[in-house]
Amino acid sequence: MLQDYKEAYFIHLCHSGINYGRKVGFYFIALGIGFGGILPGLATSPITCAIARFIAGFGNGGCFVGFLVHLMEFLTPSWRIICGCISLWPMGEMLLGLLAYHIPNWRYLTVVSALPPFLVLV
């Protein structure tokens with residue numbers, strides 16, 4: 001059943017990318033990740049936190065699709081394989097560990113780690 005929701009989300013993302021442009025779709029994904037990442041730090045109940053993480057998870061799934069397609073449009077064919085296989089995900093995980101060392105409160109850490117998607121909007 002969850003697979004059906006993922007497929008519906010993917011179809012909706014592709015449809016909005018076709019109608020409004022991939023850039024607009026990527027901005028909506030960044031908003032979903034940003035607000036879905038900030039809301040758990042502000043949540044007062046476990047249900048609210050779970051809903052916010054669910055929204056952020058859908059944004060992360062859309063980020064891979066939207067970002068990868070947008071990136072591949074600007075690369076020449078010889079660089080597409082290299083840039084498609086190598087990711088900055090491990091570097092982000094290391095930076096998250098560094099942030100967690102300096103920000104011990106998990107609520108503040110959640111809010112600070114959710115701020116970079118808003119830089120895409122600037």
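# Notebook: a predicted all-helix model

**Entry 1, Trp106.** I started at Trp106, which lies in helix H6, residues 106–113. This is a predicted model, so I kept the confidence scores at hand. Is Trp106 buried or exposed? Neither label fits: the relative accessible area of Trp106 is 46%, which makes Trp106 partly exposed. I then looked for a contact far off in sequence. Pro40 is 66 residues away from Trp106 along the chain, yet their C-alpha atoms are 9.7 Å apart in space.

**Entry 2, confidence.** I checked how far to trust the coordinates. The average pLDDT of the protein is 78. A score of at least 70 is reached by 80% of the residues. Where is confidence lowest, and where is it highest? The low end is helix H1, residues 2–20, with a mean of 58. The high end is H6, at 89. Trp106 belongs to that helix. Where pLDDT is low, the predicted coordinates should not be read in detail. I therefore left the details of helix H1 alone, given its mean of 58.

**Entry 3, overall fold.** I counted the secondary structure next. The protein has 7 helices and 0 strands. Read from the N terminus, the order of elements is α-α-α-α-α-α-α. The chain has 122 residues, and 23% of them are buried.

**Entry 4, the UniProt record.** I looked up the annotation. The unreviewed UniProt entry lists residues 24–44, 50–69 and 81–103 under "transmembrane region". I compared the model with one of these ranges. Residues 24–44 are 90% helix and 0% strand. The C-alpha atoms at the two ends of that range are 32 Å apart.

**Entry 5, helix H2 and its partners.** I picked Gly34, which is found in helix H2. Why does Gly34 count as buried? Its relative accessible area is 0%, and the cut-off for buried is under 20%. What lies across from Gly34 in space? I found Leu115, 81 residues away in sequence, with 6.2 Å between the C-alpha atoms.

I then searched for aromatic pairs. The structure holds 1. Phe35 and Phe118 form it, edge-to-face, with 5.2 Å from centre to centre and 75° between the planes. This pair links distant parts of the chain: Phe35 sits in helix H2 (residues 22–42), Phe118 in helix H7 (residues 116–120), and 83 residues separate them. Phe35 is partly exposed, at a relative accessible area of 48%.

**Entry 6, helix H3.** I moved to Gly57, in helix H3, residues 46–74. Gly57 has 39% relative accessibility, so I logged it as partly exposed. Ile33 is 24 residues from Gly57 in sequence. Their C-alpha atoms are 7.5 Å apart.

**Entry 7, helix H5.** Leu99 has its place in helix H5. At 30% relative accessibility, Leu99 is partly exposed. Leu109 is 10 residues away from Leu99 in sequence and 7.2 Å away in space, C-alpha to C-alpha.

Met94 is also in helix H5, which covers residues 89–102. Is Met94 buried or exposed? Met94 is exposed, because its relative accessible area of 59% lies over the 50% cut-off. Which residues make the nonpolar surface patch? I noted Leu88, Met91, Met94, Leu95 and Leu98. The area of this patch is about 560 Å².

**Entry 8, recap.** Two residues mark the ends of what I looked up. Gly34 in helix H2 is buried at 0%. Met94 in helix H5 is exposed at 59%. For contacts across the sequence I keep Gly34 with Leu115, Trp106 with Pro40, and the pair of Phe35 and Phe118.

Key. Residues numbered from 1 in each chain as written. Predicted model: local features only at pLDDT ≥ 70, side-chain atom pairs only at ≥ 80, totals over all residues. Heavy atoms only, no water. Patch = residues over 30% accessible without salt bridge, like charges linked within 9 Å, V, L, I, M, F, W, Y side chains within 5 Å. Areas by Shrake-Rupley, 256 points an atom, 1.4 Å probe, with all protein chains shown as cover. Salt bridge = Lys/Arg side-chain N within 4 Å of Asp/Glu carboxyl O. Helix = DSSP H or I, 4+ residues; strand = E, 2+ residues; numbered from the N terminus. Buried < 20%, exposed > 50% of the residue type's maximum accessible area, 1.4 Å probe, protein only. Phe/Tyr/Trp six-rings, centres within 6.5 Å; stacked < 30°, edge-to-face > 60°. UniProt positions renumbered as here; feature names shortened; annotations may be inferred. pLDDT = per-residue confidence, 0-100.
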